[in-house]
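Hi,

Here is the structure I promised to pass on. Have a look at it first, and my notes follow underneath.

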Amino acid sequence: MDSFRLCMDNFTFCMDFTRPCLDILLSILDNSDSSLDYDPLSLDFSHTRVDNPPLSNLNAQLFTFKTICLSLTCILLYNEINLRMEVAYLILLPHAKSPELLTLESLLPRLSPRSPQFQELSDYYERTLSGYIGEISLDYYLRIASIHEVILLHGLRMTHENNTFQIDTLVMLPSFFLIIEVKNFRGEVIMDPHSLQMIRDDEVFPNPLLQADVQKLHLGNVLAAAGFPPIPIYTLAVFTHKKVLLRKAAAETDILVSQVLPQRIAQLQSDYRKKRYSRTDLLQVGRMLKKRHTPKQFRGPVERQHIQNGVRCPSCKESFMNWQRRTWRCTHCKATDRSAHLIALADYARIFQPEITNQDARTFLRLPTSASAYHLLKKSGYQKIGQNRGRKYIITL
Ligand SMILES: [Zn+2]
């Protein structure tokens, strides 16, 4: 019995089947009008012709799944296959900008620099976005680390017994869990061995490994409270910026740069060999954690007087647009756009609330007449609640 591995995006399916079955599968794929391409040796499948016909990424994935499932069904009919399908590399919680980050992206371009919160919010946004970019950059190193039967959760945030904690990346393996605290600092970073503090440009920051240890404590409590057996939880602090110069004691192997991560994980895998969780257990834990994930929301309030109304130009992003002759025209670059108000309304939903009245839409979009607000809201396809003057539209994001 040969074992073949089908790799598709984030999922890997391992199957045991005979060579004739494999031939059947491949002949079906060859003859089907699928957007799949594969390497016959490694059986790594990839999409080709995804833009003809145009398919969104999600549709392409679904299409791939359907093709594979159809092929497998055909093979099963031949009754020659011993199918063992498992998820070997599963991202259960993918990277996603938090509602807080999205609100800041809507808010900051509209916030007057004279607002007392402007500087603080801008700095906070830069830091948060930088951390998010750092977490994404780590994906490459996790992929090249030879880890199998792994479940990943990115940006997991939850509250347990009044403690809210966030784990940048949680790697769940059958023999141990790994918490990775990501820092995307650039320049010289000094880990002081005596104070255990982190110092950059004479500024002191909390030690990232100690931060991760607190998360470890909370995660252990969550697992115990949910009735899962104990499993070792290891912590690493990874610096992801290409221009970071990390100064630390040589013995400190748990504070590292991204490039060292694959070999550190390999070392941990040889240190922790005993399997504690089955694949089913891992999936159960992963689903439980995902269910409890509560992404961070923006906590205002920001004074309304400091937030600019108007439809921002999606082309130059410099200026606001005017509604003239049934289209939006930029006062700066002269670009026109018939649907630029939808972006502005999404801003409104994120900054204030998703419900909007005709009058509020007219004010926020800086529309000349109530009739044009009515026209644009009606055309948007938003769900309506209430009647006449009390009518509100629910802005969908
Ligand atoms: Zn413009």
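To start you off: which residues of helix α11 (residues 370–380) are buried? They are A373, L376 and L377. Looking down the axis of α11, you'll find these buried residues within an arc of 95 degrees, so they line one face of the helix. Their packing partners are α9 (340–351), α10 (358–364) and β21 (392–394). Turn to the other side of α11 and you get A371, K378 and K379, which are exposed. Right after α11 comes G381, with a positive phi near 80 degrees.

Before going further, a word on confidence. This is a predicted model, and the mean pLDDT of the protein chain is 83, with 78% of the residues at 70 or more. Among the elements, strand β12 (residues 233–239) has the highest mean pLDDT, 98, while strand β4 (residues 45–47) has the lowest, 44. Two stretches deserve a mention here. Over residues 1–17 the pLDDT stays under 50, and the model gives them 45 contacts beyond four places in sequence. Residues 74–87 are also below 50, and that stretch has 28 contacts beyond near neighbours in sequence.

Now the overall picture. The protein chain has 397 residues, and 26% of them are buried. You'll count 11 helices and 21 strands along the chain. If you take the contacts between residues at least 6 apart in sequence, 61% of them join residues at least 24 apart.

Next, the sheet I spent some time on. Four strands make an open sheet, in the order β15-β16-β17-β18, with antiparallel pairing. At its edges are β15 (311–312) and β18 (336–337), each with a single partner strand, so one side of each has no neighbour in the sheet.

Inside that sheet, strand β16 (residues 320–324) is joined to β17 by 4 bridges, and the two run antiparallel. One pair to look for is W323 with its bridge partner W328 in β17. Strand β17 (residues 327–330) also pairs with β18, again in the antiparallel sense, over 2 bridges. There, R329 stands opposite T336 in β18.

The side chains of β17 are worth a look too. In a regular strand, side chains alternate between the two faces of the sheet. In β17, W328 and C330 point to one face and are buried, whereas T327 and R329 point to the other face and are not buried.

The turns of this sheet come next. The hairpin of β16 and β17 has 2 residues between the strands, and R325 there takes a positive phi near 45 degrees. R326 is in the loop between β16 and β17 as well, and R326 has a positive phi of about 60 degrees although it is not a glycine. How exposed is R326? With 9 other C-beta atoms within 10 Å, R326 counts as exposed. The hairpin of β17 and β18 has 5 residues between its strands, and K334 in that turn has a positive phi of about 70 degrees.

There is a further case outside the sheet. R366 lies in the loop between α10 and α11, and its phi is near 55 degrees, a positive value in a residue other than glycine. R366 has 16 C-beta neighbours inside 10 Å and counts as partly exposed.

Last, the nonpolar cores. In soluble globular proteins, nonpolar side chains tend to be buried together. The largest nonpolar core here has 40 residues, and L170, V171 and M172 have the most contacts inside it. Leaving aside neighbours within four places in sequence, L170 is in contact with L152, L153, L156, F177 and I179. Apart from that core lies another one of 26 residues, including L107, M321, L345 and L365.

If you want somewhere to begin on screen, I'd go to α11 and find A373, L376 and L377, its buried residues, then move on to W323 and W328, the bridge partners in β16 and β17.

Best wishes

Conventions:
Residues are numbered from 1 along each chain as its sequence is written. pLDDT is the predictor's confidence in each residue, from 0 to 100. Two residues are in contact if their C-beta atoms, placed from the backbone, lie within 7 Å. Two strands pair if DSSP finds at least two bridges between them. A residue is buried if 20 or more other C-beta atoms lie within 10 Å of its own, exposed if 12 or fewer, and partly exposed in between; C-beta atoms are placed from the backbone. The arc is that of the directions from the helix axis to the C-beta atoms. A nonpolar core is a set of buried Ala, Val, Leu, Ile, Met, Phe, Trp, Tyr and Cys residues joined through C-beta atoms within 7 Å.
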